[in-house]
Amino acid sequence: MDVSAYRYRPPKPNYLPHDIEVDDPIVEEYTIPLGKADDRENAIFFNKMKLAAQEYGIVRPKGYTVSYHATPEMEKHHFGQTHPMKPWRLTLTKSLVTAYGMPFAMDNYLTREATYEELNSFHSNDYLDYLITAAPEDQPRDIDNPDKEVKFNLGGSDCPLFHGLYNYCSMSAGSSLDAARKICSNQSDIAIAWGGGLHHAKRSEASGFCYINDIVLAILQLLRIYPRVLYIDIDVHHGDGVEEAFFSTDRVMTVSFHKYQPDQFFPGTGALEDNGPKNEHNPGAHHAINVPLNDGITDEQYEALFKNIIGPINERYRPSAIALQCGADSLAGDRLGRFNLRVQGHGACVRYCKSLGLPMILFGGGGYTPRNVARAWAYETSIAIGADTRIPETIPEHTPWRAHFIHDTLFPSLEQSMHEPRHNRNSEKRLREIVAHVHEQLRFVEHAPSVQSQIIPPDLEGIRDEVEARLKEESEEKDDGLRKIREEGVGQAMEF
């Protein structure tokens, strides 16, 4: 097989000083580095993927359904060569997920872009209008003048105005909304949207590489059906945008595990004592739980802390659905993160949440060493479908862009990830204090928070159903191959 079409090639610069006429438009240019396999190469790879599924025992889980929601066009966008956010991490994730044969165990959806009206269910008109009309800029406004004002926090180094920005945002939100709706309609029990998880965006402001808060949009959908939603964030950064959005309601409890160093680490919020509104009469009081951590926390510490906090929260708050943001910048060796977590430790959080038996959405989020982001999200996909004990640790030979992973293992050691682990600044005494504080907060949480129908957010059912019905019809007309795959029984457990 000619693997040249699957080999990674570095992207061209975007907003760094360069000849814009040569590289413009960036989105079209970026399709070339990603490569495009021809029909013959795709057929060969598909057969290898099918054989892998059979060899590793990848079958649809019994008793529950997992769905996978993605928009491939999102992968082609480019924030800029020196910008930490690399959307092609989704391409690497897809390469691992497909190489292991996992799609055969899931319902796979190619999601549409979110409409303006859907984005407007949380974000303001003024902000969305500016996001749509703002022209791409070849260089962030704050490079030459750090004090230069930017409107809605758009156009700076963190949130640059790159080519195709609004489409990118709509695609990210579209995948998360589709995941939420499949949960609400009982078509899925665990819905995966790795293209989402952009937790910093505010109602009228971009923040921390996030422009549209797809998580908030998805939770608003969940609240139409589920009385209480537990939002959990394991990104290395505080989930401030989601916490702020649901600050004054008891229908959503937010729990964020993050590095906290207010003067030096973004966003500087999420102290242990920040537990929602201070007014006890506000329904949101005690419904924001923050777990501030220091550099170097280990798998063992993190998993124990996670269980000791999420377990009691689940018992006390009794959520009816979970939204889990799986930001992978909490992994060791991340370009921005400072923890000593391995892929296994990160995945243990997903496994524990799955064990609670509640409907759940898995979002992506941060993660700035793409090869490790892909490892984590692929492994967590295998946990969702119950195949994590069957897939081999060695990355399959037929994996597209395999050389980019550097090490051929799904579980690199700390030394392989970062040469030398960071000094662990999390004492056991401090971790016990955090757990004790959270348990104290839970004493003030009612077992069954109030639910009033008038605050259930509206749905855009007419628009949604019409668009999705048309897309489904077109997809079925085109893809007779899907019927043949089903007939072959790949991904189906066999009776003996």
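## Close-up views of a predicted model

**View 1. Arginine 351 and aspartate 388 meet in a salt bridge.** In this predicted model, the closest N and O atoms of the pair are 3.0 Å apart. The contact ties together distant parts of the chain, since 37 residues separate the two partners. Arginine 351 belongs to helix H11 (residues 343–355), while aspartate 388 sits in the loop between H12 and helix H13 (414–418). Their surroundings are worth a look too: arginine 351 is partly exposed, with 32% relative accessibility, whereas aspartate 388 is buried at 17%, because buried here means under 20%. Elsewhere, salt bridges with shared partners join Arg112, Glu118 and Arg181 into one network.

**View 2. Aspartate 295 and lysine 259 form a salt bridge between buried residues.** The N to O distance for this pair is 2.6 Å. Here again the link runs between distant parts of the chain, with the partners 36 residues apart. Lysine 259 is in strand E5 (residues 252–259), and aspartate 295 is in the loop between strand E6 (288–293) and helix H10 (299–317). Lysine 259 has a relative accessibility of 6%, so it counts as buried. Aspartate 295, at 17%, is buried as well. In total, the model has 14 salt bridges.

**View 3. Lysine 307 and glutamate 303 pair within helix H10.** The salt bridge brings their closest N and O atoms to 3.0 Å. The two residues are four places apart in the helix, about one turn. If you like to reason from helix geometry, here is the background: an α-helix has 3.6 residues a turn, so residues three or four places apart point the same way. Side chains of opposite charge can then pair when their charged atoms come close. Both partners are partly exposed: lysine 307 at 34% relative accessibility and glutamate 303 at 29%.

**View 4. Strand E6 runs parallel to E5 and is covered on both faces.** The pairing of E5 and E6 extends over six bridges. One of these matches serine 256 with asparagine 290 in E6. Six of the six residues of E6 are buried, so the strand is largely enclosed by the rest of the structure. On one side you will find Ala288, Asn290 and Pro292, and on the other Ile289, Val291 and Leu293, all of them buried.

**View 5. Three positions that UniProt annotates as a binding site cluster in space.** The unreviewed UniProt entry places this feature at Asp158, Gly208 and Tyr368. These positions are spread over 211 residues of sequence, yet the largest C-alpha distance among them is 13.4 Å. Glycine 208 lies in the loop between strand E3 (190–193) and helix H8 (214–222). At 9% relative accessibility, glycine 208 is buried. Beyond its sequence neighbours within four places, glycine 208 contacts Asp158, Cys159, His200 and Phe266. Asp158, then, is both a partner in contact with glycine 208 and one of the annotated positions.

**View 6. Tyrosine 368 sits just ahead of helix H12, in a loop.** That loop lies between strand E8 (360–363) and helix H12 (370–384). With 7% relative accessibility, tyrosine 368 counts as buried. Which residues does tyrosine 368 touch, not counting those up to four places away in sequence? The contacts are Pro84, Met85, Phe209, His237, Asp329, Asp334, Arg335, Leu336 and Val373. UniProt includes tyrosine 368 in its binding site feature.

**View 7. Helix H12 is mostly covered.** Of its 15 residues, 14 are buried. The span of H12 agrees with expectation: at 1.5 Å a residue, its 15 residues should reach 21 Å, and the end C-alpha atoms are indeed 21 Å apart. That expected value makes sense because the span is 1.5 Å times one less than the number of residues. Following H12 comes glycine 386, with a positive phi near 75°.

**View 8. Asparagine 372 is a buried residue of helix H12.** Its relative accessibility is 7%. Leaving out residues up to four places away in sequence, asparagine 372 touches Leu331, Ala332, Pro412 and Ser417.

Terms used:
Residues numbered from 1 in each chain as written. Predicted model: local features only at pLDDT ≥ 70, side-chain atom pairs only at ≥ 80, totals over all residues. Heavy atoms only, no water. UniProt positions renumbered as here; feature names shortened; annotations may be inferred. Buried < 20%, exposed > 50% of the residue type's maximum accessible area, 1.4 Å probe, protein only. Contact = heavy atoms within 4.5 Å. Salt bridge = Lys/Arg side-chain N within 4 Å of Asp/Glu carboxyl O. Pairing = 2+ DSSP bridges.
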